[in-house]
Amino acid sequence: MKQTTLILVKPDGVRRGLVGQILARIEAKGYTIEDVRMLTATEQQLAAHYRELVDKPFYPGIVEYMTSGPIIAALVSGHRVIEGVRSLSGATDPTTAAPGTIRGDFACDTGTDSIENLIHSSDSVQSAEHETSVWF
C-alpha cells in the first residue's frame, strides 16, 4: 500500500544542521522524497496544523518553538511510509526515544517547557492529507 506522508524538520533540526542526516535516514529506509521546501512557519499554518491543540495551555510554546527559525517540509512516499517514518522518528520525548531512531540519536531535552524533538511526521492517512494541504 503506497502512501504519501508529510514530515517537518523542526527549527532545532535546521539550526543544528541535521536536515541532511534526517532526510538520508528516510531515504536509506527506501522511501522517496517527492518534494521539499524550506520555509518559516506562520501562526496561521501552525493553527491549521495543530488545530486540536490550539486551546491547550502549552500551545503558545509550540508556536514560539515552531516560529523560532526555518523548517523543512517534505512529502515522502513509499509502502507503509506513515508507519515507517514514525518508527524511524522515535518516541516524542527525546530522553526516552530509543537509540537508532532520529530522536534517540540526535534530539536532547533542553530543560525548557518546549520539547525540541527535531521532526514531525503524520500519524495517519487522514492527518497526512490534512497536513499536506497546510504546508503544500
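The dialogue below goes through some terms used for this predicted model and how each one is reached.

Reader: Why is Arg51 called exposed?

Author: Arg51, found in the loop between α3 (43-49) and α4 (59-66), has a relative accessible area of 53%. The word exposed is used for values over 50%, and therefore Arg51 is called exposed.

Reader: What makes the pair Arg51 and His130 a polar contact?

Author: The side chain of Arg51 and the side chain of His130 come to 3.1 Å, and the cut-off for a pair of N or O atoms is within 3.5 Å, where one atom must be able to donate a hydrogen and the other to accept it. The value of 3.1 Å is within that limit, and the contact is therefore counted as polar.

Reader: How do you know that β2 and β3 pair, and which way do they run?

Author: Two strands are said to pair if at least two bridges are found between them. Seven bridges join β2 to β3 (residues 71-79), and these strands run antiparallel, so the condition for pairing is met. Within β3, Leu75 is the residue that stands opposite Asp35.

Reader: What joins β1 to β3?

Author: Strand β1 (residues 2-9) is joined to β3 by eight bridges, again in an antiparallel run, and with at least two bridges needed, β1 and β3 therefore also count as a pair. One of the partnerships here is that of Thr5 with Val76 in β3.

Reader: Why are β2 and β4 said to stand at the edges?

Author: The open sheet has four strands in the order β2-β3-β1-β4, with antiparallel pairing. Because β2 (32-39) and β4 each have a single partner strand, one side of each is left without a neighbour in the sheet. From one strand to the next, the twist averages 20 degrees.

Reader: What makes β3 mostly covered?

Author: A residue is buried when its relative accessible area is under 20%, and eight of the nine residues of β3 are buried, so the strand is described as mostly covered.

Reader: How many residues line the largest pocket, and which are closest to its centre?

Author: The largest pocket holds about 790 Å³ of space. Its lining has 34 residues, and those closest to the centre are Lys10, Tyr50, Leu53, Ile62 and Thr92. Helix α4 gives the largest share of that lining, five residues.

Reader: How do the residues of this lining divide into nonpolar, polar and charged?

Author: The lining of the largest pocket has nine nonpolar, 14 polar and 11 charged residues. Lys counts as charged and Leu as nonpolar, and therefore Lys10 is placed in the charged group and Leu53 in the nonpolar one.

Methods. Residues numbered from 1 in each chain as written. Predicted model: local features only at pLDDT ≥ 70, side-chain atom pairs only at ≥ 80, totals over all residues. Heavy atoms only, no water. Buried < 20%, exposed > 50% of the residue type's maximum accessible area, 1.4 Å probe, protein only. 1 Å grid on protein atoms, 1.4 Å probe; cavity = no way out; pocket = protein on both sides within 12 Å on 5 of 7 lines; lining within 4 Å. Points joined across faces, edges and corners; volume = space filled by probe spheres on them. Axes fitted to C-alpha atoms, helices over the stretch in contact; angles between N-to-C directions.
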